[in-house]
Amino acid sequence: MFKMAKKFWVAGIATIFSLFISTMARAATVCTPPAICLTDPLGGSESFTSVATAVAVFLFWDIALPLCTIMVLVGAFQLITSSGDPEKVSKGRKTILYAAVGFAIALVAGSITNIIKSFITGA
């Protein structure tokens, strides 16, 4: 059982790492081809609104959404392998419920970021 849980954690960390790397690959380059090129993960702009938007988008699309998907799959796996044990069924349902609640909190956090940004910029 612990070996399987360890595999899920390794797969989850690998997924998050690959999503982070793909985000870095999408970023704008800031140099000419003969020189050593470094990418700017924020897209090259340095205003507060662009930084806040880039951070919110990264946290939602690259962290919260895949993590929620992974946790729903873990909960479904727990339900499938419960073999009728009421405690394991309850644990699987709670995992799925907590993943949904966490995703809802991530959605609310994104809107709070937009509200704070509108107060600061006055728009």
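Q: What percentage of the 123 residues in the chain is buried?
A: This is a predicted model, so let's start with the overall burial. A residue goes into the buried group if its relative accessible area is under 20%. Of the 123 residues in the chain, the buried share is 16%.

Q: In what order do the elements of the chain run from the N terminus?
A: The chain has 3 helices and 2 strands to place. Reading from the N terminus on, the order is α-β-β-α-α.

Q: Is Thr95 buried or exposed?
A: Thr95 sits in helix H3. Setting aside neighbours within four places in sequence, Thr95 is in contact with Met71, Val74, Gly75 and Gln78. Its relative accessible area is 14%, and the cut-off for buried is under 20%, so Thr95 is buried.

Q: Which residue offers the backbone oxygen that the side chain of Thr95 reaches?
A: Thr95 is a helix H3 residue. Its side chain gets to a backbone oxygen at 2.9 Å, and that oxygen belongs to Lys91.

Q: How do the planes of Phe60 and Trp61 meet in their aromatic pair?
A: The whole structure holds 2 aromatic pairs. In the one made by Phe60 and Trp61, the centres are 5.0 Å apart and the planes make 85 degrees. Planes over 60 degrees apart count as edge-to-face, so the Phe60 and Trp61 pair is edge-to-face.

Q: Why is the pair of Phe60 and Phe103 tilted?
A: The ring centres of Phe60 and Phe103 lie 5.6 Å apart. This pair links distant parts of the chain, with Phe60 in helix H2 and Phe103 in helix H3, 43 residues apart. Stacked needs under 30 degrees and edge-to-face over 60, so the pair is tilted because its planes stand at 35 degrees.

Q: Which residues form the one aromatic cluster?
A: Phe60 is buried at 17% relative accessible area, while Phe103 is partly exposed at 22%. Together with one further ring they make one cluster: Phe60, Trp61 and Phe103.

Q: What is the accessible area of the nonpolar patch formed by Leu97, Tyr98, Val101 and Ile105?
A: One of the patch residues, Val101, lies in helix H3 (residues 86-121). Val101 is partly exposed, at 41% relative accessibility, and patch members need over 30%. Taken together, Leu97, Tyr98, Val101 and Ile105 have about 420 Å².

Q: Which residue has a positive phi although it is not a glycine?
A: Look in the loop between helix H2 (48-80) and H3. The residue there is exposed, with a relative accessible area of 70%. Its phi is about 50 degrees, and the residue is Ser83.

Note on methods:
Residues numbered from 1 in each chain as written. Predicted model: local features only at pLDDT ≥ 70, side-chain atom pairs only at ≥ 80, totals over all residues. Heavy atoms only, no water. Helix = DSSP H or I, 4+ residues; strand = E, 2+ residues; numbered from the N terminus. Buried < 20%, exposed > 50% of the residue type's maximum accessible area, 1.4 Å probe, protein only. Patch = residues over 30% accessible without salt bridge, like charges linked within 9 Å, V, L, I, M, F, W, Y side chains within 5 Å. Areas by Shrake-Rupley, 256 points an atom, 1.4 Å probe, with all protein chains shown as cover. Salt bridge = Lys/Arg side-chain N within 4 Å of Asp/Glu carboxyl O. Polar contact = N/O pair within 3.5 Å; in protein donor to acceptor, adjacent residues only side chain to side chain. Contact = heavy atoms within 4.5 Å. Phe/Tyr/Trp six-rings, centres within 6.5 Å; stacked < 30°, edge-to-face > 60°.
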